[in-house]
Amino acid sequence: MPVQSRALDRSFAREVVGLRLWEPVDNQTVDELRDLWAHHPLLVFRRQALSEDELADFSALFGPLERVVRTDWASPMRPEVGVISNLKDGQGKPIGGLGDGEIQWHSDQSYMQNPATGAMLYALELPPEGGTTSWADLSAAYAGLPDRLKRAVEGRRAIFDYTKRLAGYQGVDRVISGEAKRKTPPVLHPLVHIHPITERKALYLDPTTTVGIDGMDEASGSALLEEIYGSATRPEFVYRHQWQVGDALLWDNGFTMHRREPFDPSARRLMKRTTIFLSRERHIVPEGSLVAA
Ligand code: SIN
């Protein structure tokens, strides 16, 4: 039976119905899901019950899995799975990353020269309130820019630096290993890309890592970026997800940003995440370069 899906909240997000992601997925269904995801950057699968291996194996249908530079967030059982949680182990050590605070609008991996732009996040435990996650569609946001701003960003590259992201984190999340530092020098990515399937233009943005625009002075670059961020996160471009236990969300960071609202630190939240290298034949995958020393 063909894959069934429906728009959520009349937004760009789509719920895929009738699939049990812990079961083997046949080739036709995989092809249909790949096609659906190329057109819709956020797919929602509800009422899933997944082991780490099942989450990783389903994610790997869309591309090779990345082992992210945050090895301190990796699951000890399956290192391609990251633990996103405020929970601590018996010794008071966080079992994963990103705690309970607000996470500002960002695109995962924007600080990498060759970002793995696919992501899947699976909810196992949730706080009674807060901790909702929102996504902005940066293709619709580009289309909604005034021509003046479209011209201003055309051909421009921004500088993405992980040290800026780290400064925004809480507690031990700010500390990375020497190896992680070596793997995350500042990089340049174009601010505008063309989607290979839909041929629509889209912005590539991340306020949590972007420190400027190449070839522009600091004041003009940050004024332009602030204007673009404000326009790109207008409510009409945003889908806000109220998590339920068992939700598994698959999104494309090549033309979305997301943010998370904070939640009560004494509540429990446990999510598991994979990060996927996507194909340039179907997805926007920024081709970065190193900032000249
Ligand atoms: C993330 O930003 O990747 C995590 C989002 C969340 O915790 O909901």
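Student: Which word fits Phe160, buried or exposed?
Tutor: Good place to start, and keep in mind that this model is predicted. A residue needs under 20% relative accessible area to be called buried. Phe160 has a relative accessibility of 0%, so the word for Phe160 is buried.

Student: What is the relative accessible area of Tyr204?
Tutor: Let's use the same cut-off, under 20% for buried. Tyr204 falls in the buried class because its relative accessible area is 0%.

Student: How many aromatic pairs are there?
Tutor: For a pair to count, the ring centres of Phe, Tyr or Trp must lie within 6.5 Å. Applying this rule gives a count of 8.

Student: At what angle between the planes do Tyr111 and Tyr162 form their pair?
Tutor: Their ring centres are 4.1 Å apart. The pair is described as tilted, a class for planes that are neither under 30 degrees nor over 60 degrees apart. For Tyr111 and Tyr162 the angle is 35°.

Student: How many residues apart in the chain are Tyr111 and Tyr162?
Tutor: Look at where each one sits: Tyr111 is in the loop between strand E6 (103–106) and E7, and Tyr162 is in helix H5. Their pair links distant parts of the chain, with a separation of 51 residues.

Student: Why is Tyr162 called buried?
Tutor: Its partner Tyr111 is buried, at a relative accessible area of 6%. Tyr162 is buried too, because its relative accessible area is 1%.

Student: Why is the pair of Phe160 and Tyr204 tilted?
Tutor: The centres of the two rings are 5.6 Å apart. The pair is tilted because the planes of Phe160 and Tyr204 stand at 45°.

Student: How many residues apart in sequence are the parts that Phe160 and Tyr204 tie together?
Tutor: Phe160 lies in strand E9 (residues 157–160). Tyr204 lies in the loop between strand E12 (201–203) and strand E13 (210–213). The pair therefore ties together parts whose separation in sequence is 44 residues.

Student: Which residues touch the most other members of the largest nonpolar core?
Tutor: In soluble globular proteins, nonpolar side chains tend to be buried together. Here the largest nonpolar core has 26 residues. The members that touch the most others are Leu42, Trp135 and Trp243.

Student: Which elements each supply at least two residues of this core, and which of them gives the most?
Tutor: At least two residues each come from strand E3 (42–45), strand E7 (118–125), helix H5 (162–167) and strand E15 (248–252). With 3 residues, the element that gives the most is E7.

Student: How many residues are in the other core?
Tutor: This core lies apart from the one we just discussed. Its members include Tyr204, Leu205, Leu225 and Ala232. In full, its residue count is 25.

Student: Which oxygen distance goes with Arg269 at the ligand?
Tutor: Residues around the ligand include Thr133, His258, Arg269 and Arg273. A polar side-chain atom of Thr133 lies 2.6 Å from a ligand oxygen atom, while for His258 the distance is 3.2 Å. Between an N or O atom in the side chain of Arg269 and a ligand oxygen atom it is 2.8 Å.

Student: What percentage of the ligand's accessible area does the protein cover?
Tutor: On its own, the ligand has an accessible area of 260 Å². Of this, the protein covers 100%.

Student: In which strand does Arg273 lie?
Tutor: We met Arg273 among the residues around the ligand. Arg273 counts as buried because its relative accessibility is 13%, and its contacts include Ile84, Leu98, Asp108 and Leu121. The strand that holds residues 270–276, and Arg273 with them, is E17.

Student: With which side chain does the side chain of Arg78 make a polar contact?
Tutor: Arg78 sits in the loop between helix H2 (52–59) and strand E4 (82–85). Beyond its neighbours within four places in sequence, Arg78 is in contact with Glu52, Asp53, Ala56 and Asp57. The polar contact, at 3.1 Å, is with Asp53.

Student: Is Glu199 buried or exposed?
Tutor: Glu199 has a positive phi of about 60° although it is not a glycine, and lies in the loop between strand E11 (192–194) and E12. Its relative accessible area is 64%, so Glu199 is exposed.

Definitions and conventions. Residues are numbered from 1 along each chain as its sequence is written. This is a predicted model: local features need pLDDT of at least 70, side-chain atom pairs count only at pLDDT 80 or more; totals for chains, interfaces and linings use all residues. Side-chain values use heavy atoms; hydrogens and water are left out. A nonpolar core is a set of buried Ala, Val, Leu, Ile, Met, Phe, Trp, Tyr and Cys residues joined through side-chain atoms within 4.5 Å. Buried means under 20% relative accessible area, exposed over 50%, partly exposed in between (1.4 Å probe, protein chains only). Helices (H or I, at least four residues) and strands (E, at least two) are DSSP runs, numbered from the N terminus. Rings of Phe, Tyr and Trp (its six-membered ring) pair if their centres lie within 6.5 Å; planes under 30 degrees apart count as stacked, over 60 as edge-to-face and the rest as tilted. A residue is near a molecule or strand if one of its heavy atoms lies within 4 Å of it. A polar contact is a pair of N or O atoms within 3.5 Å; within protein, one must be able to donate a hydrogen and the other to accept it, and residues adjacent in sequence count only if both atoms are side-chain atoms. Accessible areas come from the Shrake-Rupley method with a 1.4 Å probe; for residues, only the protein chains shown count as cover. Contact means heavy atoms within 4.5 Å.
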